[in-house]
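Here's a quick look at a few helices and how they sit together. Have the sequence and the model open as you read.

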Amino acid sequence: MAINKAMRAALSVLSYSEADIKKSYQMERRLKEISARRLRKPWLYHIWEHKVINGDHEVPVRIFMPSAHEQQGIFIFFHGGGWVTGSIDSYDAVCADMANQTGRVVVSVDYRLAPEHPFPAGLEDCYAVTREIFLDESLMETEAKEITLIGDSAGGNLAAAVSLMARDRGEFLPSRQILIYPATGNDHSEFSPFPSVRENGTDYLLTTKRVQDYMELYRASDEDLMNPYYAPLAATDFTNQPDTLIITAEYCPLRDEGEAYGKALEAAGNKVKIFRMPNALHGYFSLPVRFSQVKKTYALINRFLTEGETHSVEFSPIFMKCGLYPEKLFGQIRQYLSRRLNCSMADFEKDGVIFSVNDRESEPFLEICTMGKSVIVSASEKLLPKAEKLLKGKSRDEIFECPLVYGQSIYYVPDFKQFKRQSFNRDYQYILLQGEEIGALKGVKDFENALDFDENGETSTRMILYAKKNNEIVGLAGASDEAEGLWELGVDVKPEHREGGLATILISNLAATLLEKGIIPFYCASVTNIGSQAVAHRSGFISCWVSTYRTILDGSSVYRDTLLDDLINKMG
């Protein structure tokens, strides 16, 4: 595993000794600042200083403008240094190169360092800066969809944590993040599950001892080890995250955990690209652009940005604000359906009929789903041979026209171009309820499509928007969480109030509230219910997939006890 000699020599300036960082971190900070002053070339920079208020603390930021007259977006950059060293001064050259190589404005964040300010102080600084830029588009005259989070090493950890925190707090949601050899795990001992910790932990500049020391200085207590904002791989929910580019270094102890984080994001339905830089060591990104690995890194970054651009598509303001784009939405839908149907996400990209054994339900079970060009036939083990014998080689139309298939539903998601909140009708009073507040409606009748309590008084509904007139509830839309970040909508309106578009108002406004929280709403309508389909279209929804909910083969159809029963028995 030879490394280019020139690269090894150049990276020697980044070498870390095995000195006790807990005692020497202040000296290392000073050395980095002295080195930065020697390397800085102010005449190449177009910069200005800014401060962001975070509670009683001001977070300094330095803004680097690209040489080109037209900037193409914003990078919010979090520097490396193990959360203990590094600053906007020591990363001046990196940020200037980044601005000029990408054409993006670079906002470098001088977050507070440990151990004086342990977790989560520095992270909260990064979040505060990101929040201000996302929520005030006039600040830098850039739309939210053109803002990308980026960080190297500890900065990559902070970028990933800010994205998780943004989803959980529901104030904004980045559309893209770039993580360069990020620290995502919490175990860098000899018992680590990642081979790179042992293989690259002693002879390649950054050692595992140094990583362990940094992380010990960063955390406030051992409880932080399982906090996903401290170690993103500790998260239990990876859904609804930005499109992500992860670049690792071949000889870096953090290599495998960075790639594992990318795979976890991808498995949760996010769009992810992972690249391992050959012959590279941790810290190479801080070298001048003339080095081949740095050049290649910027080529990867620019390709990632270009592939993710959506300039030609006019998105509705709600989608622009929440940063939710088609790839991410349909990725989460495919993940949800793949779990339900026990098939792979890739099956939805195939052209044809896919048969899948489904042990999710008790027998008998059969569901047929079509999305895109694919048709998924998912059945319990004993029933699947019958279904395959009947449906194999048939076209989609022939499958859904089969007399044994009964009951089909169309599922809708908000239209990226057309969706918007509908104006409230002033003849009604509107109330939004969430969580435990919904219990106040226990016993209300005639709204079972949107709100239903079981015999124990429990409901799966998590959010409700209802309309009252003359102190009577006349329309109600509810949302139940079918999966993480994916909620189903239902609506009921009393017959005498259906002419004024009340169902449309309730569905569109409830969906908008969910979108602003980073939650994907979907709506279901039977193929025979024209009124329900009309509500979907008027609310700004488009069809996404079709699924059966009853078939004669699984015994759930009301026509099970007809002459067709004999046909089924003969098939067996």
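What phi does Gly-170 take just after α5? A positive one, of about 70°.

## Ground rules

This is a predicted model, where local features need pLDDT of at least 70, side-chain atom pairs count only at pLDDT 80 or more, and totals for chains, interfaces and linings use all residues. Residues are numbered from 1 along each chain as its sequence is written, and side-chain values use heavy atoms, leaving out hydrogens and water.

Helices are DSSP runs (H or I, at least four residues), numbered from the N terminus.

## Helix α5

Helix α5 covers residues 154-169. Its 16 residues, at 1.5 Å a residue, should span 22 Å (1.5 Å times one less than the number of residues), and the end C-alpha atoms are indeed 22 Å apart. Of those 16 residues, 14 are buried (under 20% relative accessible area, 1.4 Å probe, protein chains only).

## α3 against α9

Helix α9 (residues 292-307) has its axis come within 10 Å of the α3 axis, crossing at roughly 50° (lines fitted to C-alpha atoms over the stretch in contact, angles from 0 to 180 degrees between N-to-C directions). The pair is therefore oblique, that is, neither under 35, over 145, nor 65 to 115 degrees.

On the α3 side, the contact (heavy atoms within 4.5 Å) is made by Val-94, Asp-97, Met-98, Gln-101 and Thr-102; α9 brings Tyr-298, Ile-301 and Asn-302.

## Asn-100

Asn-100 sits in α3, residues 92-102. Ser-67 is 33 residues away in sequence, yet the two C-alpha atoms are 5.8 Å apart.

How values were computed:
Helices (H or I, at least four residues) and strands (E, at least two) are DSSP runs, numbered from the N terminus. Buried means under 20% relative accessible area, exposed over 50%, partly exposed in between (1.4 Å probe, protein chains only).
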